[in-house]
Amino acid sequence: IKLNIITMWVLPFLLVGIGVDDMFIITYAVERRRGASGGAAPSLVLGEVMAEVLAPVSLTSLINLIMFAVMARSDLSGVYETAYVAMVAVTMLWAAMVTALPALIAFDLHRQASRRSELCPCSAGAPADAGADLSERSASMLADKYCFRGAYLRALSKWRASQLLVGVLSAALLATCAVKVNDLPLGLELNDFARSDTWVEVYFVDRSEHFPLWPISMNFGALEYENPLSQLGMLRTWENVAALPEVSASPRSGLVWTASMAAWAHPAIGCVPPANALYTCGPEIDPDCTATFYPNIYGLKTRADGGVCADFASEPALAQWDGDLYAMFAFAHTNMSPALCAIVDG
């Protein structure tokens with residue numbers, strides 16, 4: 001059974017809730033019966049309680065089992081594998097609630113009857129007329145003196161052999177986890193949502209094995225977005241990543257939001273056909289919502305190559321500078337390529 005986000009994250013919380021409900025029912029019934037029994041023997045109290053709650057606890061577990069059994073009838077592997085895990089867990093929870101939990105409650109009832117401490121139940125308690133507080137204090141003091149300070153703390157702080165043993169065991173556990181974690185089938189693939197033994201499942205299995213694809217995203221964080229160099233730098237970073245051989249389909253430069261916004265706000269790009277037939281450009285919404293051209297100092301791709309920058313040598317219709325004197329001066333007095341990029345000014 002593959003471990004996925006449902007079996008690892010969702011089911012544990014759901015199953016703990018189901019198990020805790022039954023545990024509360026049994027524990028509350030024990031406390032209620034013990035208070036009404038008038039000092040009856042612990043075995044009698046526990047027997048009466050289990051005879052009372054065994055049927056409702058079993059019924060709730062059976063209902064949960066049937067619910068997941070209906071879910072297991074699905075022929076989607078991602079669904080029925082989750083149902084199988086839940087059915088096994090519900091069965092184990094029910095077995096623990098009717099066997100292990102009553103045994104622990106029986107031990108605790110005998111401990112209370114013998115006036116032994118919860119912290120150190122192996123130590124004999126004080127006589128009945130000495131009060132419960134003395135018993136708790138003496139048992140706690142014995143546990144602290146002999147168990148914690150005498151054995152545990154001394155072993156870890158003074159004995160080199162115990163320190164070495166703990167270090168070796170920790171390193172062995174970490175190494176085992178690091179080696180074996182790659183063997184765990186994690187996650188949900190598309191074939192987990194396909195019907196079993198169909199060509200769709202076979203297709204997605206072969207695709208995941210021989211042609212795997214993973215989505216990528218790019219976050220720029222806190223930058224000076226009003227700075228032209230920041231806007232062009234974002235575009236350059238995007239195009240450098242898109243040019244890697246590991247990236248397929250060469251994503252468009254217009255996916256960078258600053259470049260897309262600049263094209264939308266520039267009168268010579270967003271306010272002319274065919275762009276203005278799809279949306280209302282920035283200057284038509286607000287005269288202050290405009291963009292300007294900036295020299296292509298990073299050698300970014302032009303629109304003919306899938307980029308967003310404009311090549312004025314090949315697109316004479318864009319030769320109107322729209323009052324941007326700096327761009328016109330830089331274009332006329334430098335040896336730069338006759339390509340300009342739209343940026344959002346300030």
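**Exercise 1.** In this predicted model, find what span helix α2 (residues 42–71) should have at 1.5 Å a residue, and check it against the end C-alpha atoms.

*Solution.* Start with the length: α2 has 30 residues. The expected span takes 1.5 Å times one less than that number. This gives 44 Å. The end C-alpha atoms lie 41 Å apart, which agrees.

**Exercise 2.** Locate the bend in α2 and look for a proline that follows.

*Solution.* The bend is at Val53 and amounts to about 40 degrees. Pro56 follows within four residues. Next, check burial. Val53 is among the buried residues of α2, which also include Leu46, Val49, Met50, Val57 and Phe68.

**Exercise 3.** Search the whole structure for aromatic pairs, and classify the pair formed by Tyr80 and Tyr84.

*Solution.* The search returns two pairs. For Tyr80 and Tyr84, the ring centres are 5.6 Å apart and the planes meet at 50 degrees. Stacked needs under 30 degrees and edge-to-face over 60, so this pair is tilted. Now place the residues. Both sit in helix α3 (residues 77–113), four residues apart, so about one helical turn separates them. Last, accessibility. Tyr80, at 19%, is buried because the cut-off is under 20%. Tyr84, at 38%, is partly exposed.

**Exercise 4.** Do the same for Tyr225 and Trp257.

*Solution.* Their ring centres are 5.2 Å apart and their planes are at 55 degrees, so this pair is tilted. The pair links distant parts of the chain, 32 residues apart. Tyr225 lies in the loop between α6 (199–210) and α7 (228–242), and Trp257 in helix α8 (residues 257–265). Tyr225 is partly exposed at 25% relative accessibility. Trp257 is partly exposed at 46%.

Methods
Residues are numbered from 1 along each chain as its sequence is written. This is a predicted model: local features need pLDDT of at least 70, side-chain atom pairs count only at pLDDT 80 or more; totals for chains, interfaces and linings use all residues. Side-chain values use heavy atoms; hydrogens and water are left out. Rings of Phe, Tyr and Trp (its six-membered ring) pair if their centres lie within 6.5 Å; planes under 30 degrees apart count as stacked, over 60 as edge-to-face and the rest as tilted. Helices (H or I, at least four residues) and strands (E, at least two) are DSSP runs, numbered from the N terminus. Buried means under 20% relative accessible area, exposed over 50%, partly exposed in between (1.4 Å probe, protein chains only). The bend at a residue is the angle between axes fitted to the seven residues ending there and the seven starting there.
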